[in-house]
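Reader: I am new to this structure and should be grateful for a close look at one part of it. Please describe the surroundings of the bound ligands, and then follow the chain outward from there.

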Amino acid sequence: MGQVGVICPVSSERVSNADCRACSRSREPLFESWCNYSPEMIYGMTDGGTSRSTAFHSTTMLNGCMRQTRLGMSEDYHVELDRVFPAFRGQWGHLVTEHSPVPGTIYEIRFELDFQLADGRIIKFTGQGDALDLVRANYRDYKTKSESRFDRRANKRVYKALPTEVGDDYLFQLNAYRLLFYYGSPQRVVDQDAFGDPLPGGVTYYPGVPAQIELESHELFAWSMSECKRYPCAQIDYRAMYDEILRRLEIICAVELPPVPGDLNPATSVFCIDWCPKEIRAACLEELATAIPF
Ligand code: SF4
Ligand code: SF4
């Protein structure tokens, strides 16, 4: 279950991840021509979630439409490449940052913490932070943003400014990391920074042992191709954050599907029609239809 393939932009046909990868590596395209994506890009967008195999229930999964996330776990679906491209492109900022490391900082390490649901189940909650700076007790998160969007009514691309503040989803995400760095632990032993030097104070962080890293600040950096902005992020009290994560885990782990978010309508919302994978939107609508008592 999960992303099993793509909708080929050349033929509009559904193609398995394996066939799409094979097409990108072949001398003859599967259909009349190749698409605009290079083999590396195709591989990056057709991994079917393999690269997130240790994510369990992650900060990302508890943001946005959790109904879509849950249905993505039970339904096979195909993605439109131009819809997953923004997520793929978002990794570039992380890679650029990792390739310009600063001392005493660890990059892209996944932390985890167990949460107990009301029914007794233990759920592993995880988050993979971008840059955890142990010298400044500062966490930095990087987001790559589009500079323009397509305005359907005007039928043209229009400039899209960088955000003016930290939105609710990022506020949740960054504070979830902050909680994980203090109460959680890394999924592997961490005793070196990106240069291979000992961490400040010679500390070592072990799986299963709360890291107790107390941040003094955490920040978001959003960049487009031409500008970058720094956004200091508000800190949410640990207790309140713990309760909010648990509330979202209860919703996503419940027997019934998470409800449709209040700002979405699967039948009419642009996000649902344009951005939700077709199989997932169909399952979402079907569940709503069968849930109506006659
Ligand atoms: S590599 Fe491109 S052209 Fe080939 S099947 Fe995949 S999406 Fe279609
Ligand atoms: S159709 Fe909309 S509400 Fe339904 S799962 Fe997709 S994004 Fe969520």
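Author: The account below begins with the ligands and proceeds to the helices, sheets and domains around them. The model is a predicted one.

Let us begin with ligand 2. This ligand is surrounded by 13 residues, and those closest to it are Cys65, Pro266, Cys272, Cys276 and Cys284. Three helices each give two or more residues to this shell, namely α3 (66–74), α7 (270–275) and α8 (278–291). By class, the shell around ligand 2 holds 10 nonpolar residues, one polar residue and two charged residues.

Two of the helices named here, α3 and α8, also pack against each other. Their axes lie 10 Å apart and the packing angle is about 105°. Angles of 65 to 115 degrees count as roughly perpendicular, and α3 and α8 are therefore roughly perpendicular to each other. On the α3 side the contact involves Arg67, Gln68, Leu71 and Gly72, which meet Ile280, Ala283 and Cys284 of α8. This contact consists of four nonpolar residues, two polar residues and one charged residue. Cys284 thus appears both in the contact with α3 and among the closest residues to ligand 2.

Which residues come nearest to ligand 1? They are Cys8, Cys20, Cys23, Ser24 and Cys35, out of 16 residues around this ligand. Helix α1 (residues 17–24) provides the largest share of the shell, with three residues. The shell around ligand 1 comprises 15 nonpolar residues and one polar residue, with no charged residue.

From ligand 1 the description may pass to a sheet. Three strands make up an open sheet with mixed pairing, in the order β2-β1-β4. The edges are occupied by β2 (14–16) and β4 (76–80); each has a single partner strand, so one side of each has no neighbour in the sheet. From one strand to the next, the twist averages 45°. Strands β1 and β2 run antiparallel and are joined by three bridges. Ile7 has Arg14, in β2, as its bridge partner. Helix α4 (residues 81–98) lies across β1 and β4, and its direction is at about 80° to β4.

Strand β1 also has a part in the division of the chain into domains. The domain assignment of the protein chain gives domain 1 as 1–53 and domain 2 as 58–76 + 84–258. Between the C-alpha centres of the two domains there is a distance of 27 Å. Six residues from domain 1 and seven residues from domain 2 take part in the contact. On the side of domain 1 that touches domain 2, the elements that give two or more residues are β1 (2–7) and α2 (39–45). Of these, α2 gives the most, with three residues. The residues on this side of domain 1 are four nonpolar and two polar, with no charged residue.

A second sheet remains to be described. Four strands form an open sheet in the order β3-β7-β6-β12, and the pairing is mixed. At its edges stand β3 (57–58) and β12 (185–186), each with a single partner strand, so one side of each is left without a neighbour in the sheet. Strand β6 (residues 110–116) and β12 run antiparallel, with two bridges joining them. The bridge partner of Glu112 is Ser185, in β12. Helix α5 packs on this sheet, where it touches β6 and β7 (122–128), and its direction makes about 85° with that of β6. Helix α6 packs on the sheet as well, touching β3, β6 and β7, and its direction makes about 115° with that of β7.

How do these two helices meet? The axes of α5 (residues 168–183) and α6 (residues 238–253) come within 10 Å and cross at roughly 105°. The helices α5 and α6 are therefore roughly perpendicular to each other. In this contact, Asn175, Ala176, Leu179 and Tyr182 of α5 meet Tyr238, Met241, Tyr242 and Ile245 of α6. Seven of the contact residues are nonpolar and one is polar, while none is charged.

Technical notes
Residues are numbered from 1 along each chain as its sequence is written. Chains are lettered from A and ligands numbered from 1 in the order in which they are written. This is a predicted model: local features need pLDDT of at least 70, side-chain atom pairs count only at pLDDT 80 or more; totals for chains, interfaces and linings use all residues. A residue is near a molecule or strand if its C-beta atom, placed from the backbone, lies within 6 Å of it. Ala, Val, Leu, Ile, Met, Phe, Trp, Tyr, Cys and Pro count as nonpolar, Asp, Glu, Lys and Arg as charged, and the others, Gly among them, as polar. Axes are lines fitted to C-alpha atoms, for helices over the stretch in contact, and angles run from 0 to 180 degrees between N-to-C directions. Angles under 35 degrees count as roughly parallel, over 145 as roughly antiparallel, 65 to 115 as roughly perpendicular and the rest as oblique. Two residues are in contact if their C-beta atoms, placed from the backbone, lie within 7 Å. Domain bounds come from an automatic or database domain assignment. Two strands pair if DSSP finds at least two bridges between them.
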